[in-house]
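Colleague: I should like to learn how an interface between two domains is read from a model. Please begin with the general idea and then turn to the case at hand.

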Amino acid sequence: MSFDRLAPDVIARFAKLPSSCVSDACDKLAIPGQVDGLKPMLQGARICGQAVTLRYLPMGPAGGTVGDFLHLAEAGDVIVIDNRGRIDCTVWGNILTEAAKAKGIAGTVIEGVNRDVGESREYGYPIWSRANHSRTGKDRVALDATNVPVVLGHVRVDPGDVICADDSCVVCVPLSRAMDVLGIAESIDAKEELILRDIRAGVDLAEARKRHGYYALQTPGKA
Amino acid sequence: MSFDRLAPDVIARFAKLPSSCVSDACDKLAIPGQVDGLKPMLQGARICGQAVTLRYLPMGPAGGTVGDFLHLAEAGDVIVIDNRGRIDCTVWGNILTEAAKAKGIAGTVIEGVNRDVGESREYGYPIWSRANHSRTGKDRVALDATNVPVVLGHVRVDPGDVICADDSCVVCVPLSRAMDVLGIAESIDAKEELILRDIRAGVDLAEARKRHGYYALQTPGKA
Amino acid sequence: MSFDRLAPDVIARFAKLPSSCVSDACDKLAIPGQVDGLKPMLQGARICGQAVTLRYLPMGPAGGTVGDFLHLAEAGDVIVIDNRGRIDCTVWGNILTEAAKAKGIAGTVIEGVNRDVGESREYGYPIWSRANHSRTGKDRVALDATNVPVVLGHVRVDPGDVICADDSCVVCVPLSRAMDVLGIAESIDAKEELILRDIRAGVDLAEARKRHGYYALQTPGKA
């Protein structure tokens, strides 16, 4: 139920990176971390934190509830909920938003849908999900397990994995590869910044890209 | 062509409720009111009003037009247009937005698509629809009937039904059940507010939920 | 690789028109110009310019890159990228945004997806695309050809065609029909403005529409 904690400065370094650089670093290391199609509710948010995972099942004859799970998470963590992409009932709403934000949770990523969207947005709490609805998951889904491997899109997420999310994408970095990905992502970000400086200084885009090896930044086996 | 009017204060009470509470009250009464997948054009809007309904058909050899129908609606009503989820041509645009707003219409809900999105947004007129397009429905669809039963998602909407919509969802409450749903929704909203107060006072979420019967708020047969 | 340039005042006249009027003019001339389902990243933007087109293919054994192509475009042009609706890897990001904006490009329309969405939005650069992602197209797609006929939705776009885009839609006007479409679109826009003036002056909507021939504005063969 627990996982190794990354040092706060590692998370802080990740949090400065756009998801595109983390994605490119995953590509370079052949890590399939990019999640297809989850959408941000809170425009402009960028979060990074370790995953606390939840797995839901459709409610069966034995019953069950959507559960209480926030005690599993620490400040800075990201709640990751796998409801199998189900879009007809929600697994997150206003009460969880307030309780999670009070606890300092970084944000929530849902393979499924959420409600109380306006309230969560006003509250400034970032959520990525498949879509929105108002129909509750209570009496429809049951919490099956916590801090087990789950799936976002086609991406496996293990407890403690690093979740980076912004307006473009949610990217999941396996915990065991976090430092490798971080180093490469920072290097790519630095090179992209050099290209941008060249462009701002009037250098031709093709020339600027060539100088800094743009076309192979994310290629496996290239420096 | 007409329907019973609810008292203005009933509508005002509904309008204070998030769609999630109305949805939970529908669940408690086994009313399938929640509409799947319509999206708000105007972020942050919350409306409530009685439905004036329109049904469209694809244009046939006999012709027809998209019709004039705003005279059917009164201030505070919600225009509900059933174009069968058709996303290749629109049934609402800028002129209807201005005319509807001038008349005090609360908003428009479309099982289909709309155009002049930016203009409607600037104008502050709330619309929920499947998507956006610019291709007109004129010469493509014909108004088939007004104030007849229509369908949003999988939800039947009869003339006069109460439509509640916000950033999360559109929910339709049958007119005959409006007072029952309203009472329960207000009760749920009040209990959720108590849970939020507890959380803000530092009470553990699980404890706060337990105190106020959170997991059965929407369950049929539970108090 | 080049195309006839429209006079700047022609583009300026197009740029004043909502996509719905351009769409209606296309309808009147039986031109299938309206593109289904591309979404704006930058709410409220309205652009108009001539298309510089790019065609991508999935990367094959022979390799290739996503290419450098901005030298093909002039200030005011619209970059149109056909990546066959592929949503699993991007063909536009932050560096292209900065370089394109520095060059005065009007905006970018993508039959596919883009990344660095937040950065492009903050930068004020308008992009229409199918969705968002962070996974790069580098090592996944290869630039196949520039300034060739491409496809957006079901619409053919030839180099130099006029692209009009706003919150509702992207519409493509064939270059050879640009002046015809412009004249009709301006006429429709003027008539819609008259209807709006009538409404604002208290005229009944049905009467205002009748006065100005609303229901046949876009009908082929009607004045």
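Modeller: Buried area is the accessible area, taken with a 1.4 Å probe, that two parts lose on being put together, summed over both. In this predicted model, domain 1 of chain A and domain 2 of chain A bury about 880 Å² between them, and 70% of that area is on carbon and sulfur atoms.

Colleague: Which residues does each domain of chain A span, and how far apart do the C-alpha centres of the two domains lie?

Modeller: Domain 1 covers 8-175 and domain 2 covers 182-216; their C-alpha centres are 32 Å apart. To the contact, domain 1 of chain A gives 11 residues and domain 2 of chain A gives eight residues.

Colleague: Which residues of domain 1 of chain A lose the most area to domain 2 of chain A?

Modeller: They are Arg13(A), Leu17(A) and Cys21(A), together 48% of what the domain 1 side buries. Arg13(A) also forms a salt bridge with Glu186(A), with the closest N and O atoms 2.8 Å apart. The rule finds one salt bridge across this interface.

Colleague: What is the make-up of the domain 1 side that touches domain 2 in chain A?

Modeller: Its residues divide into eight nonpolar, no polar and three charged.

Colleague: How should one read the relation between chain C and chain A?

Modeller: Two copies of a chain are related by a rotation about an axis and a shift along it. Here, a rotation of 120° with 0.1 Å of shift along its axis superposes chain C on chain A, with an RMSD of 0.0 Å. That is the relation of a three-fold axis. Of the residues of chain C, Gln43(C) comes closest to the rotation axis, its C-alpha being at 6.7 Å.

Methods:
Residues numbered from 1 in each chain as written. Chains lettered and ligands numbered in written order. Predicted model: local features only at pLDDT ≥ 70, side-chain atom pairs only at ≥ 80, totals over all residues. Heavy atoms only, no water. Least-squares fit on C-alpha atoms with pLDDT ≥ 70 in both. Domains from an automatic or database assignment. Contact = heavy atoms within 4.5 Å. Salt bridge = Lys/Arg side-chain N within 4 Å of Asp/Glu carboxyl O. Nonpolar A, V, L, I, M, F, W, Y, C, P; charged D, E, K, R; others polar.
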